[in-house]
Amino acid sequence: MTTMTTASAKGAKRLSDSLPSEVLVGWLRDMMLIREFELRTMAAYQQARIGGFCHVYIGQEATAVGTIACVEAGDPVVTAYRDHGHALARGMSAEACMAEMFGKLTGCAKGKGGSMHMFDRPNHLYGGHGIVGAQTPMGAGLAFGHRYEWEVLKTGKKRLTLCYLGDGALNQGALHEAMNLAGLYSLPVIYIVENNGYSMGTSIERGTTMAHDLRAKAAAYGIDSIQIDGMDVREIYDRFKPFADDLRERQRPGFVDLKTYRYQGHSMSDPQKYRTKEEVAKYQERDSINRLAHHLLNEKKTLSERDWERMQEEIKEQVRVAMKFAEESPDPDPATELFADVYVNPQPNLSPTAEYRHGVKNPLM
Amino acid sequence: MTTTLSTIDTPLHPAVDGVSLPEFLAEEDLPSREGPRVIQFREALREAMSEEMRRDKRIFLMGEEVAQYSGAYKVSQGMLEEFGEKRIVDSPISENGFAGLAVGAAMYGLRPIIEFMSWSFSLVAADQILNNVPKMLYMSGGQWGCPVVFRGNDGAGGQLGSTHSWCVEALYSNVPGLKMAIPSCPYDAKGLLKTAIRDPDPVFFLESERMLGDKAHVPEEEYYIPFGRAARLREGDACTIVSFGRPVNFCLEAWDELAKEGIECDVLDMRTIRPLDIGAVVRSVQKTGRVVVVDQSWPFGSVASEVVTQVCEKAFDWLDHQPLRVNSDDVPAPYAKGLEQAFLPHKGKIVAAVKRAVG
Ligand SMILES: Cc1ncc(C[n+]2csc(CCOP(=O)(O)OP(=O)(O)O)c2C)c(N)n1
Ligand SMILES: [Mg+2]
């Protein structure tokens, strides 16, 4: 592979420097979209147009965007409940994502899942999952699936699953069983710890052993691991891309300690007494969006001020359109939807009180 | 070798040491339910735990965010300051781990209170809480009991979707060896939780996120509500309404509406469903001839099914209408507001069921 494109201003050549500049501009756009989307999500939550538990991704944008940029469109992705960023980075429309949180029939789960349950079958997003750690054995299962497809059915290719988890999920038994299985069966899944330093109000040091070197956990299962600065999307690409390519080739599991930070509270009701404003500000200084924008505007000079401003306007408009769409979309009608999607084969007498039926087809399908 | 076999002749099994049951008063001798000391449900829970922890140093509280964060729902606020970090213990998100830890600690002689942020999350600890906790006394042939109180939010919390809205009462009460209490108001929350902590058997104590802010008079003095004694909250001859936990409040709303039309019912709050005060239900049904059971679990194999079965077994001849039940709809809990409202038991469904029964 040649790495001959615009060399970085600082000299040292990085893998991401070899990419066409549209790709990096695309990352900037994706990260900005997530940020803007989440700001509007918070506002809508405060106006009670979104309910339930809602966890925003502000601060962590680079992690989903940077890692998803390293895999193929057909590779499975599965994550936890802080999932709007993964959904958008994977290609879900802002409309379907916002409509889901508004509980609308046009949402990605027809309003049945809400913020924590972003599913997108066409984009191979196998869900946001609300129970901490629940997605980690599923990640092993998805990898088992495509390895089987490739090796036994001989209909597939070498794929790679991305399975995201929070640092709090390190302490669930499910992850440890899953990592052992992945190591044992040689399953091509990468466990990406979005290590934002806290699970709710518990700092990682108070919640897990070996917090200073999480790679020890992977070592116990014979799983290769790396640690990456998750506040720099180019750094993520530079480090994650070769790691992922190698694991795909060898069909082996991996583990990534991706150091990131959430700027907002854990959920929409969190007084955040467990950390200082200075700590938040310290991370905001290293903001991944500002960093990439600075790089493209001032170092690489592949983005003009005018295009940058236009991009920001376009994104604002895109999210405005999504909000309007969500607002104007129909609610699911209990008469037709409450008893739909429960069974694939709704036979009689499955329930003493319910008659199951089929409702509308998922708008994403 | 010869073995002498003797029979246990004490009311309490000797497998659990250091048990002192409180004195239980008749309902009319308990402190008044009315009064000026209006506090929240969560404070009533906190008082119950704190009073018992002052009495018995073996008791500790463990769970996610219970200490430094003051509890995810502020139930344990201030307890870290009073009891210290050895007794109010923050845990990582490891329900299977800390539920199992409680089993070992209880067998060794301590009295754990385990807070599940939500009973929904207890499912990842199912092996410990269903396989070990209720069976320890039996499978050790009477050598070890397992006096643990597991407590936390149960049922729909408001658009939390299908994994976070579990009503575990039907599922878990199927297992012999455990006791289950489900208070509907602050007064009962305190009195029942104190009893749960004193009880030498494992107790599953089900609260509701939606009720933690409910306010009512709670006496400052100590009082214990015995397990297995229902409270009759309203009186009437038309029908018997049986419920427990949060839906009791919907039954009271339904009572008001029905009363306007001259339909007056008995409303029985079971308060514990294992033990179940079926005697109170039967006595009421002997008067009314009709019964509606309101239960927020799914209908199939629910607590309501159990109550209805026992009514048929024990009061069949007094029934003038087949027993009816109001459950959540038989589907996973949906997220969308309108779907969730349609899904849960509410006043309208209870009124309709009672009218059908008396109709
Ligand atoms: C099994 C289980 N226990 C508890 C919870 C409640 N809960 C939801 S998120 C969370 C913190 C998770 O933190 P982390 O894994 O670090 O992810 P982050 O929120 O930082 O993205 C907790 C305790 C849950 N959803 N599932
Ligand atoms: Mg975290």
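Let's start at Gly130(A). One of its polar backbone atoms sits 2.9 Å from a nitrogen atom of ligand 1. Keep in mind that this is a predicted model.

Two further backbone contacts involve oxygen atoms of the ligand. At Gly168(A), a backbone N or O atom is 2.8 Å from an oxygen of ligand 1. At Ala169(A), the distance from a backbone N or O atom to a ligand oxygen is 3.3 Å. How much of ligand 1 does the protein cover? On its own, the ligand has 580 Å² of accessible area, and the protein covers 95% of that.

Now, where does ligand 1 lie? Between chains A and B. Its surroundings comprise 21 residues. The closest are Tyr81(A), Arg82(A), Gly168(A), Asn196(A) and, from the other chain, Glu95(B). So we meet Gly168(A) again, as one of those closest residues and as a backbone partner at 2.8 Å. By type, the shell splits into 9 nonpolar, 8 polar and 4 charged residues.

Next, the core. The largest nonpolar core has 65 residues. Which of them touch the most other members? Leu28(A), Leu162(A), Ile190(A), Phe240(A) and Trp308(A). Helix 1 of chain A, residues 21–46, gives the most to this core: 10 residues.

Take Phe240(A) as an example. Set aside its neighbours within four places in sequence. Phe240(A) is then in contact with Leu162(A) and Ile190(A), both also on that list of top core members. Its other contacts are Thr67(A), Cys70(A), Ile192(A), Ile226(A), Ile228(A) and Val256(A).

That's the tour: ligand 1 between chains A and B, then the 65-residue core.

How values were computed:
Residues are numbered from 1 along each chain as its sequence is written. Chains are lettered from A and ligands numbered from 1 in the order in which they are written. This is a predicted model: local features need pLDDT of at least 70, side-chain atom pairs count only at pLDDT 80 or more; totals for chains, interfaces and linings use all residues. Side-chain values use heavy atoms; hydrogens and water are left out. A nonpolar core is a set of buried Ala, Val, Leu, Ile, Met, Phe, Trp, Tyr and Cys residues joined through side-chain atoms within 4.5 Å. Buried means under 20% relative accessible area, exposed over 50%, partly exposed in between (1.4 Å probe, protein chains only). Helices (H or I, at least four residues) and strands (E, at least two) are DSSP runs, numbered from the N terminus. Contact means heavy atoms within 4.5 Å. A residue is near a molecule or strand if one of its heavy atoms lies within 4 Å of it. A polar contact is a pair of N or O atoms within 3.5 Å; within protein, one must be able to donate a hydrogen and the other to accept it, and residues adjacent in sequence count only if both atoms are side-chain atoms. Accessible areas come from the Shrake-Rupley method with a 1.4 Å probe; for residues, only the protein chains shown count as cover. Ala, Val, Leu, Ile, Met, Phe, Trp, Tyr, Cys and Pro count as nonpolar, Asp, Glu, Lys and Arg as charged, and the others, Gly among them, as polar.
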